[in-house]
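Trainee: Hey, could you walk me through this one? I'd like to start with the basics and then look at how the helices pack.

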Amino acid sequence: MSETVHIAILRGLSISWEKYDWYHRLKERRDLQIVFVCIIIVFVLSLCAPLLTGQNPNSQDLRGKNQGPSLDHLLGTDYLGRDLFARVMYGLQTSLGIAGTTILISFVIGVSIGSLSGYLGGWVDNCIARIIDLFLAFPSIILALALMLLMGSGILNMIMMLTIVQWASFARLIRGQVLSEKNQDYVLSSRAAGLPGWWIVTKHILPNCIMPVIVLATMDIGHTILTISTLSFLGIGIPPAIPEWGSMINSGLPYMRIAPFNVIIPGLMITCVTLLFNIAGEGLRDITNPLADNEGSL
Amino acid sequence: MNSILEVTDLNVSFPTRNGVIHASQQVSFRISKGKSCVLVGETGSGKSVIGQSVLRLLPQKSIISGSIRYKGLDILTLSEEEFSHLRGREISLVPQNPSASLDPLMKCGDQIAESVELRGVKKSSVTEEVLHILSNLRFLDPVRVSLSLPSRLSGGMRQRVATGIALASKPQFLVLDEPTKGLDYAARTSTIDILHHIKANRQDTQLLITHDLDLAHRIGDTMGVLYSGELVEFGPVNEIFSNPLHPYTKGLISALPRNGMKPIPGSCPGFLNLPKGCYFHKRCPHPCARGEDVHPEICDISEERQVRCHRFSA
Amino acid sequence: MHQYILKRTGYLILTLIFSSIFTFTVINAIPGEPAEVLAKHLFLGLEESAPPELIEEVAFRYDLNRPLLEQYFEWIQGFFVGDLGNSILYHKPVTRLLALYLPPTLILTCSAMTFAIITGLILGVLSAIRQNTLIDHLVRFLTIFCVSMPAFWVAVMLVLIFSLWLGITPVAGYGSPKYLILPLFALGLHSMASITRIMRTSMLDTMEKPFMTFSKAKGLPWRKILISHACKNALLPVLTVIGMSFGSLLAGSVVIETVFAWPGIGALLMKAISARDLVLIESTILVIVFMFLMVNFVIDILYHVIDPRINYE
């Protein structure tokens with residue numbers, strides 16, 4: 001590699017973040033910095049679950065069931081003698097995996113449909129808007145239950161079903177944004193210059209209004225984790241063999257009195273992870289919205 | 001001389017992320033009973049801040065020093081409770097930006113009624129009083145206006161409603177904050193008419209804050225010119241218009257459309273990096289050597305005239 | 001104004017129709033499923049697999065082979081006539097079951113919503129006028145924590161603490177008001193927290209507005225400004241959140257009623273789903289959706305009454 005290319009790469013890597021408003025706002029917010037780091041840690045933890053605990057989350061030991069914390073089992077065991085800590089860690093994998101995938105896919109689908117609809121306008125937009133409203137007319141759990149009935153259980157089905165429930169809120173948000181951006185001068189002049197529609201949308205409109213949708217996506221990861229755990233608590237969706245926090249609470253219910261950890265710990269985990277994403281989402285909104293106070297969620 | 005309002009060495013500053021903004025520096029003037037004093041200046045010259053100080057509506061973090069005496073009483077030293085007996089009753093504000101100053105969800109008549117009730121008027125006569133106020137403001141259909149939400153009225157009509165609210169408590173001292181700002185020509189003309197009408201028929205004392213020199217000429221008795229937070233000229237309106245002393249005042253008057261609309265070159269220094277010497281030095285058509293490092297003090301030219309300029313200081 | 005109500009009613013009916021079509025389609029989408037389920041319930045048991053001849057026989061006997069459109073219209077007609085078929089699980093008319101199970105849900109959701117709204121609004125206003133004090137930080141921390149807790153876990157924890165450890169409330173059931181306490185909190189906590197947060201933000205935004213400064217300039221007493229001007233203007237964004245909260249409340253009732261053995265529509269739906277009682281499921285879902293749409297309808301009208309500037313798009 002020549003010296004010029006070398007220097008160019010180095011220069012490119014040391015991008016100056018200072019020119020961005022959000023960078024300054026983030027610097028002021030110690031709590032947000034902590035939260036974002038925690039989220040990264042959580043994601044890393046979920047990937048490394050097998051490494052952190054020696055115990056197999058599915059190996060049963062009926063003689064050692066419903067025990068409290070011990071050296072062998074950091075958080076105790078459940079009603080089948082399975083290690084709670086291991087199950088909680090694997091449960092993190094399950095929850096984050098399903099929630100993350102769902103949000104990613106529904107984000108892409110929702111933004112595509114919503115921005116298309118907003119940009120095209122006319123009867124196409126009207127139709128799609130009505131379809132979006134239809135999906136949003138159902139409280140999400142009800143829709144999830146009905147679809148689960150149709151599709152049966154299983155992780156893939158769960159992801160598909162949650163995506164169907166979730167895409168509409170992204171679509172509605174981005175559609176509203178695109179509708180207001182559409183009449184801005186820079187769009188009109190791009191169209192006058194003859195640029196194709198898809199180019200205008202992806203290169204100009206979307207970057208300007210994607211931020212609120214990303215904020216929504218962040219907060220919806222938490223919301224999706226709540227939905228997943230609620231459904232598995234009800235016994236729907238996730239096969240019982242796979243550790244999932246909601247079903248763990250459900251199976252711990254009959255033994256609540258003697259082994260409360262089995263219902264307390266998974267719920268606490270759900271709350272903490274959702275809390276992280278909620279704070280992160282609100283924080284993102286604070287740093288990227290020039291009009292908002294930078295005061296924090298707490 | 002019976003002054004209703006006496007402002008002495010008023011200093012207002014706001015601490016911000018980028019430094020301290022000195023919005024008002026050592027401003028002193030007085031207003032006699034029954035007279036209108038006009039403060040003119042560009043946007044950002046600090047004139048609204050003075051109006052807000054008189055009504056003690058400045059934000060919490062502002063730093064105020066000096067004194068504002070209303071009928072001899074220093075209102076800056078009063079507690080919030082003591083001042084609330086004056087604010088809205090004896091001392092009223094006609095706000096700028098009436099569209100944002102009126103509650104968008106409350107009917108105009110009800111908003112005026114709130115001020116009327118403060119006076120202690122009986123419940124049964126409030127509606128009548130409101131309609132009376134509206135017809136005094138030259139509304140052709142007071143009943144319709146009374147029952148409308150602000151969003152249903154035009155900008156000029158909203159300004160009149162806001163004026164009505166201020167007058168409803170029968171104040172003795174009126175602060176008018178940029179009453180013609182943002183109005184189109186027709187609305188502006190009718191507003192000026194109404195203000196003139198109010199002035200002619202009432203004995204109240206007024207502090208008028210505006211950038212509109214025509215309004216100042218028509219309504220004002222005495223006039224103060226503000227530049228970058230400082231008073232640079234003060235005196236009777238007619239004298240200043242016929243014989244402006246400070247180069248900035250001269251520039252403002254010749255910038256009027258009817259005088260040829262000659263703009264003053266350059267721009268206001270802003271509040272953050274004020275120059276050491278005379279603030280107007282860089283834009284002055286007759287700059288003096290002293291003006292570069294020595295800040296001019298305000299001095300009395302005659303009993304009623306004051307100027308802040310090195311060419312006039314002894 | 002009246003035009004708006006008319007338009008909005010039309011929209012309500014349209015959405016209801018489309019929702020019913022959607023529900024019917026989803027439930028009856030798998031061909032042969034209704035007959036298969038019925039066969040299993042009547043003759044075999046859910047675990048067994050039904051031979052095709054039996055399914056066909058059942059389909060013929062119960063007229064299940066008719067075109068879907070016809071079955072759909074019969075179902076819709078059933079809502080007006082009062083005959084929605086018989087539940088496969090309970091062997092009773094669906095209408096009777098709905099009438100039986102609806103009142104407890106209404107009691108639970110209405111009281112939970114009332115609790116959430118009143119507490120939420122008060123805490124939100126309090127937090128806003130005492131911004132950045134200890135109370136404010138406490139409220140903000142508690143609310144974001146509450147919003148992150150799953151409702152079923154709140155229910156379980158409440159039972160653990162108050163019924164098992166402290167013994168002051170019953171674990172589950174339906175009867176006297178003391179059975180209502182835990183379910184009410186479990187259901188309403190999440191909504192209360194979101195209402196508090198949005199009311200706080202809305203109040204802070206409103207208090208910055210110029211008309212608030214002018215109200216102060218008018219000399220109005222602080223309490224009057226707060227109630228007549230600030231709260232009314234701040235309430236608008238909160239109304240929308242209340243509508244959405246009701247949706248999650250209805251959805252949450254499915255779980256909460258199951259946990260507390262509260263005999264409501266949510267619990268009914270769960271049992272119907274476990275038993276794949278398609279006849280009961282489709283009507284129950286539509287009733288729940290109808291309640292949700294009605295609440296949002298009322299909220300939209302209320303919004304328009306308070307602020308006629310908004311035009312319905």
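Mentor: We'll go through one chain, then a buried pair of residues, then some helix contacts.

Mentor: Keep in mind that this is a predicted model, where local features need pLDDT of at least 70, side-chain atom pairs count only at pLDDT 80 or more, and totals for chains, interfaces and linings use all residues. Residues are numbered from 1 along each chain as its sequence is written, chains are lettered from A and ligands numbered from 1 in the order in which they are written, and side-chain values use heavy atoms, with hydrogens and water left out.

Trainee: Cool. How many helices and strands does chain A have?

Mentor: Chain A comes to 13 helices and zero strands. Those are DSSP runs numbered from the N terminus, with helices being H or I of at least four residues and strands E of at least two.

Trainee: And how much of chain A is buried?

Mentor: Buried residues make up 50% of its 298 residues. Buried means under 20% relative accessible area, exposed is over 50%, and partly exposed is in between, using a 1.4 Å probe and protein chains only. As for contacts in chain A with a separation of 6 or more, 69% of them come from residues 24 or more positions apart. Contact means heavy atoms within 4.5 Å.

Trainee: Okay, Phe277(A): buried or exposed?

Mentor: Phe277(A) is buried, because its relative accessible area is 3%. You'll find Phe277(A) in helix α13 (residues 261–288) of chain A.

Trainee: What does Phe277(A) touch, apart from its neighbours within four places in sequence?

Mentor: Phe277(A) is in contact with Ile39(A), Phe43(A), Leu96(A), Thr218(A), Met219(A), Ile221(A) and Gly222(A).

Trainee: What about Asn278(A), which residues does that one contact?

Mentor: Leaving aside neighbours within four places in sequence, Asn278(A) contacts Met219(A), plus Ile144(C), Val147(C) and Ser148(C). Asn278(A) is found in α13 of chain A too, and counts as buried because its relative accessibility is 8%.

Trainee: Switching to chain C. How far does helix α1 of chain C reach?

Mentor: Helix α1 (residues 2–27) of chain C has 26 residues and reaches 37 Å from its first C-alpha to its last, close to the 38 Å expected at 1.5 Å a residue. The expected span is 1.5 Å times one less than the number of residues.

Trainee: What covers the buried residues of α1(C)?

Mentor: The cover includes α6 (122–136) and α7 (140–151) of chain A, together with α4 (68–81) and α12 (278–306) of chain C. Among the buried residues of α1(C) are Tyr4(C), Arg8(C) and Phe24(C).

Trainee: Back to α6(A). How do α6(A) and α8(A) cross?

Mentor: The axes of α6(A) and helix α8 (residues 155–181) of chain A come within 9 Å and cross at roughly 140°. Axes are lines fitted to C-alpha atoms, for helices over the stretch in contact, with angles from 0 to 180 degrees between N-to-C directions. α6(A) and α8(A) are therefore oblique to each other. Angles under 35 degrees count as roughly parallel, over 145 as roughly antiparallel, 65 to 115 as roughly perpendicular and the rest as oblique.

Trainee: Which residues of α6(A) and α8(A) meet?

Mentor: Among them, Asp125(A) and Ala129(A) are on the α6(A) side, and Ile164(A) and Trp167(A) are on the α8(A) side.

Trainee: Last one: how are α7(B) and α8(B) oriented?

Mentor: The axes of α7 (residues 155–168) and α8 (residues 185–201) of chain B come within 9 Å and cross at roughly 20°, so α7(B) and α8(B) are roughly parallel to each other.
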